[in-house]
Amino acid sequence: MSLLQIAEPNQSTKPHTHRYALGIDLGTTRSLVAVVRSGKPQVIGDKVSECQSGATADSIDCQKLLPSVVYFGKDDQGNNQTLVGSYAEAMAEKLPQFTIRSVKRFMGRAKTDIKFNHPYELVGENNVMPSIATPQGDKNPVEISSILLKHLYDRAKKALPDNSIVGAVITVPAYFDEAQRQATKDAANLIGLHVIRLLNEPTAAAVAYGLDKNSEQVYHLVYDLGGGTFDVSVLKLNHSVFEVLATGGNSALGGDDIDRLIANYLLKSANFDPKSIDNQQKQALNVIARQAKEKLTTQDSMVVSFQINQQTYQVTLNNAIVAEVIKPVSDRTIVICDQVLRDAKLTKADLHEVVLVGGSTRMPIVQNLVANYFGKKPLCRINPDEVVALGASKYADQLIGETDDQILLLDVTPLSLGLETMGGLVEVIIPRNTPIPVKRKQVFTTYQDYQNAMIVHVVQGERDTVKDNRSLGQFKLTDIPAMKAGIARIEVTFAIDANGQLTVTAQELTTGKHSEITVKPSYGLSATEQEKLLQAGFDNAMLDREKRSLIEQEVEADRELLAIDSALAEFGQLLTKEQSTQLQNAMQALKHAIDSHDKARLTDAVHALKLHSDEFASIIMNQAVNQSMAGTNTKDWI
Ligand code: ADP
Ligand code: MG
């Protein structure tokens, strides 16, 4: 509860202004805004009239849930016509290529990352976030998201006193990477909406349920199946502190996929090959499938009517059939739950509550599936469509200090972060599932004598080699003072702030010379790529260990060759011609062995070279001793 301010006597009495912070759930399918008013989180809705032309006008929810859809077109006079929400949704059937839905799937992604089906013409280079071609020109995902955010912001402005909104907490899937988070913030910045904090959606749901009020140490699992994304988080609650122990998910798995599976079932039941149907009819059928699916949450069976090529077809659907049809999606969610539990080192029996979030968890099929798998009835007493926005508003309110509730939220990194070391290996600095904010340091050194610069290459992923992970960015630390290899001390710091934003700094400790980047890649990891990276990490653990040890040996051998090279340049004249040839030959053999990537050959060549290099080293030593004794009298040092 906020406290009212009372002015001191004789002081100018500025009127008390209550400040509000919004909670925004910028969903793939639907978005909404909530705020804490009179101590209660509540969703801010539109006037009913604003929903009336929408396809979902019969639903009271359309006042609160804004379909995340934007239409870009021209009116009869050729003027730009931009429609948002249900107005836009109504255009989807006629002009699907200009009616942008699920724009969240494009946020922070490169063109090459976009492997899912969509009816849009993408423009732009392969390795940057693509724009979508519309009659109003090319529109990029950040801009499109900002239109949705503006609609929600305007709703809130209408409902709250002038100039009383200080900003918003915007939720993102726990699985969003750096680029996707940054794109979300950029969208808010575009419309002048201050982002107080980005918050993981499952964490927001936990806040909404007030799960922090339990003083014992307990674990909860949040299962969020929305329209376009699936997120699972395991939360640990201890003395009112939330800690996300582990997260997992798939940012391309949700109700949209369920709709497509049902639509394909309808087509197959009418003897059509789904591949033979054009996009427009497919889109129309997806809408019919979605409506059928939503109806089946309140009735067990129905007849679905649809048209293909001007012919009408009728197919009976019931929950038993749908359960079978959507098995690829539901099974996948369970596999992910299993993985996340294992990551958290917990079993199903350790969970106190299972929380359902996301519109798709209204399906009785999903509720039963979760109840059966976990062996307990999941929590869904707060509307699963609203729970994330409500939690975000509660958290926003706490952040601006309007309530005296103290909660601390800890999130975790979804993938390991590290940097490239010699031989293309990854040194992990912050392992996956580390609570954030976090700061970790590690000291590195130079590889070559008098090396005066160093590339810091930041990578994300679970594999041991750089090429198998995702490159996030790189920078160069220059002006390292001239020193022998291995002497310079370069301290690299990885810091992730509460928004999940990564800053990497490198500092040469003797000079204090310092360089940094905030990692802001032009594109992010695709969902499948994230899953692949995680899976690859598990599948390849053995392989990676062997590969890593081979690469480490190769790097060591390379270093040895460089050291001998530099010694030869200085002391080569101390060797006889024969000694020199033998040494050179052994070095040559080692170079070939390194290139062969054959472990046995490498080991042999290292041993062979050692014989000669040891001999060379002792010659150098003798010479050094002789030199240091030169001009001195033996009696001086006896
Ligand atoms: P997101 O967070 O991805 O935007 P939501 O949590 O709003 O998604 O969920 C949207 C999804 O929920 C859509 O796929 C929609 O079809 C589905 N959905 C909404 N209501 C129901 C319902 N009554 N039964 C089944 N699915 C529903
Ligand atoms: Mg959601």
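Ligand 1 is surrounded by 17 residues, and the closest are T29, G227, K293, E294 and G359. The model is predicted. Two domains supply residues to the shell around ligand 1, so the ligand lies between them. This briefing starts with the ligand and then turns to two sheets.

**The shell around ligand 1**

- The shell holds one nonpolar residue, eleven polar residues and five charged residues.
- Helix α6 gives the most to this shell. Its share is three residues, and the helix spans residues 279-295.
- Domain 1 is made of the segments 20-47, 60-254 and 326-411.
- Domain 2 covers 255-325.
- Both domains give residues to the shell, which is why ligand 1 is placed between them.

**Polar contacts of ligand 1**

- G227 uses its backbone: an N or O atom there lies 2.7 Å from an oxygen atom of ligand 1.
- G227 is also listed among the closest residues to the ligand.
- E294 uses its side chain: an N or O atom there is 2.7 Å from an oxygen atom of ligand 1.
- E294, too, is one of the closest residues.
- S360 offers a polar backbone atom, 3.2 Å from an oxygen atom of ligand 1.
- Taken alone, ligand 1 exposes 570 Å², and the protein buries 94% of that area.

**The sheet with β5, β6 and β7**

- This open sheet has three strands in the order β6-β5-β7, and the pairing is antiparallel.
- Strands β6 (80-84) and β7 (99-101) are at the edges, and each pairs on one side only.
- From one strand to the next, the twist averages 15 degrees.
- Strand β5 covers residues 69-74 and pairs with β7 over three bridges, in the antiparallel sense.
- V70 stands opposite I100, a residue of β7.

**The sheet with β8, β9 and β10**

- Another open sheet of three strands runs in the order β8-β9-β10, and its pairing is antiparallel.
- Its edge strands are β8 (122-123) and β10 (137-139). Each of these edge strands pairs on one side only.
- Strand β9 covers residues 131-134. Three bridges join β9 to β10, and the two run antiparallel.
- A133 has D138 in β10 as its bridge partner.

Technical notes. Residues numbered from 1 in each chain as written. Chains lettered and ligands numbered in written order. Predicted model: local features only at pLDDT ≥ 70, side-chain atom pairs only at ≥ 80, totals over all residues. Heavy atoms only, no water. Near = heavy atom within 4 Å. Polar contact = N/O pair within 3.5 Å; in protein donor to acceptor, adjacent residues only side chain to side chain. Areas by Shrake-Rupley, 256 points an atom, 1.4 Å probe, with all protein chains shown as cover. Helix = DSSP H or I, 4+ residues; strand = E, 2+ residues; numbered from the N terminus. Nonpolar A, V, L, I, M, F, W, Y, C, P; charged D, E, K, R; others polar. Domains from an automatic or database assignment. Pairing = 2+ DSSP bridges. Axes fitted to C-alpha atoms, helices over the stretch in contact; angles between N-to-C directions.
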